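Trainee: Could you walk me through how to read a few features of a model like this one?

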Amino acid sequence: MWAFWLLIQYIYIWGTYSEAGSDCWCIHNFAFDFARHMEEYPWYTEYFSMYSNNIVLGLVGIVIQKLMPVSCIEDVWLLTSFLAALLADFAIFWTLRFVVYNLGEQYYGIAFLASCLLIGLSEEASILYSDILSLWTIPFAGFHISKSMKEDNPRRKYFDYLIAGLALGFGGAVKPQILIFLIAGVIVVLVRFGIQEKPFHAWKPFLLGILVCVAICTGLSNVGKQWFCDNIVSLSKENPRQYFEDTEFPLLHWMNMGLNKQSVGYYNSEDVEATRATVGKGNKSAMLKDSIKERLTNFGILGYLKFVNKKVVLALQNGTFSEGIVWKGSCINNEQFAKKIQEVFLPTSQLWKHSVAVLVQVIYLGCLWCGSASAIFDLKKKDNIIVQIAQITLLGEVIFLAMFERNKRYFFSALPLLIFLAINGIDQFTKLKRSHVKNDSIR
């Protein structure tokens with residue numbers, strides 16, 4: 001199965017690798033220029049100061065191009081596409097381990113199929129950006145948390161939570177949305193700590209994982225910002241730290257953009273320009289608070305609920321998570337066979353929309369339905385901690401989409417957990433069916 005999948009994936013990447021668009025273009029061009037010791041970075045200075053969460057990605061891009069130098073920017077896109085594919089395989093591998101460890105080897109095949117279609121053939125799996133770079137961290141952490149719960153050796157328990165915390169800390173630094181999984185875990189543990197009579201020391205390994213995650217996430221983010229101010233901003237600004245703080249976009253920016261009625265919460269250039277034009281962190285926050293208050297007032301309670309419903313449906317409805325040419329630009333491989341591959345695998349192709357996209361959508365909708373069934377079955381059965389963490393994480397992802405900017409890519413991080421919960425739903429339904437058959441046979 002793996003050999004067949006890797007062949008398909010190689011054909012997919014080789015035939016469709018392209019110059020990336022949007023933020024991904026900025027990050028890898030910056031890394032390419034920095035690796036060649038450019039003396040000035042005026043455009044990059046403003047971009048990374050505004051979107052400071054992408055600085056760690058910029059550092060990752062620099063490390064890649066230092067370790068694997070390429071001669072031209074076209075080679076960057078080929079290299080990063082294959083690295084994205086490897087990371088997709090890494091995410092698939094840990095999703096499979098997570099599913100099999102908790103639910104059994106009999107579900108390996110269906111989990112493999114769902115993972116390859118939803119993760120491996122996604123647009124995000126061919127573009128080296130935060131989505132695919134952080135995707136493996138949640139199933140990796142989920143597997144080790146599950147493993148630690150069945151572990152009797154205290155040292156191994158601590159080790160499992162330690163490496164789970166390290167992975168989530170890295171994932172959170174690259175893509176803060178990953179931390180929703182950590183928050184869900186804290187909620188479940190606090191509830192169980194309140195209703196169970198376990199001593200406090202029983203939760204110490206989990207506390208270690210939380211502390212390691214927070215330390216790694218904040219550490220990487222702060223080191224990245226300091227490095228950027230010292231090595232990039234300082235080349236063109238007299239007071240680099242002050243410039244950075246005055247330019248950085250606060251979290252309220254994405255909340256304000258998520259309330260834009262015209263774009264239904266999607267990216268809006270006018271909102272970006274309004275935040276960009278306001279100088280100073282305090283002034284930005286004050287302007288955004290006023291804008292958020294005004295937009296909420298204009299909606300009214302009923303109008304806001306209708307808006308959020310429409311926004312979330314638009315964000316969740318497409319299982320391909322494709323933005324068309326927004327992220328995946330013009331293909332670089334112009335060979336005749338590659339063009340035929342592009343007709344099958346490229347999101348802008350009509351053949352793709354009526355073949356691969358349909359198959360992916362069917363699997364995605366099946367996962368949504370089975371995941372919902374899992375939640376219904378678990379209303380009575382509440383002893384599986386990892387299932388509860390996964391369910392609260394998915395609920396958190398939906399709340400995130402409701403509160404902040406609408407983007408198809410934002411639910412991509414939840415795919416490993418969605419696949420896990422879908423198969424858990426199938427497992428619960430199978431057990432229920434067997435129970436009915438057994439009762440009928442007894443009668």
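Mentor: Sure, labels first: helices are DSSP runs of H or I with at least four residues, strands are runs of E with at least two, and both are numbered from the N terminus. This is a predicted model, where local features need pLDDT of at least 70, side-chain atom pairs count only at pLDDT 80 or more, and totals for chains, interfaces and linings use all residues. Residues are numbered from 1 along each chain as its sequence is written, and side-chain values use heavy atoms, with hydrogens and water left out.

Trainee: Where is V264?

Mentor: V264 sits in the loop between α13 (252-257) and α14 (269-277). As a rule, most residues other than glycine have a negative phi. V264 isn't a glycine, yet its phi is positive, about 50°. V264 is also buried (under 20% relative accessible area with a 1.4 Å probe, protein chains only; over 50% is exposed, in between partly exposed), at 12%.

Trainee: And which loop holds F321?

Mentor: F321 lies in the loop between α15 (281-316) and β2 (328-331). F321 has a positive phi of about 50° too, again without being a glycine. F321 is buried, with a relative accessible area of 0%.

Trainee: How do I read a helix pair?

Mentor: You describe two packed helices by the angle between their axes and the distance between the axes. Take α8 (residues 137-149) and α9 (residues 154-174): their axes come within 9 Å and cross at roughly 165°. So α8 is roughly antiparallel to α9, a label for angles over 145 degrees. The axes are lines fitted to C-alpha atoms over the stretch in contact, with angles from 0 to 180 degrees between N-to-C directions.

Trainee: Which residues in α8 and α9 meet?

Mentor: Going by contact (heavy atoms within 4.5 Å), the α8 residues include F140, A141, H144 and I145, and those in α9 include Y161, I163, A164 and L168. By class, the contact of α8 with α9 has 11 nonpolar, four polar and three charged residues.

Trainee: How many disulfides does a search of the whole structure find?

Mentor: Zero. A disulfide is a pair of cysteine sulfur atoms within 2.5 Å. For C213, the closest cysteine sulfur, in C217, is 6.2 Å away, so that's too far for a bond. C331 is in no disulfide either, as its nearest cysteine sulfur, that of C24, is 14 Å away.

Trainee: Is C213 buried or exposed?

Mentor: C213 is buried, with a relative accessible area of 1%. C331 is buried as well, at 16%.

Definitions and conventions: Parallel < 35°, antiparallel > 145°, perpendicular 65-115°, else oblique. Nonpolar A, V, L, I, M, F, W, Y, C, P; charged D, E, K, R; others polar.
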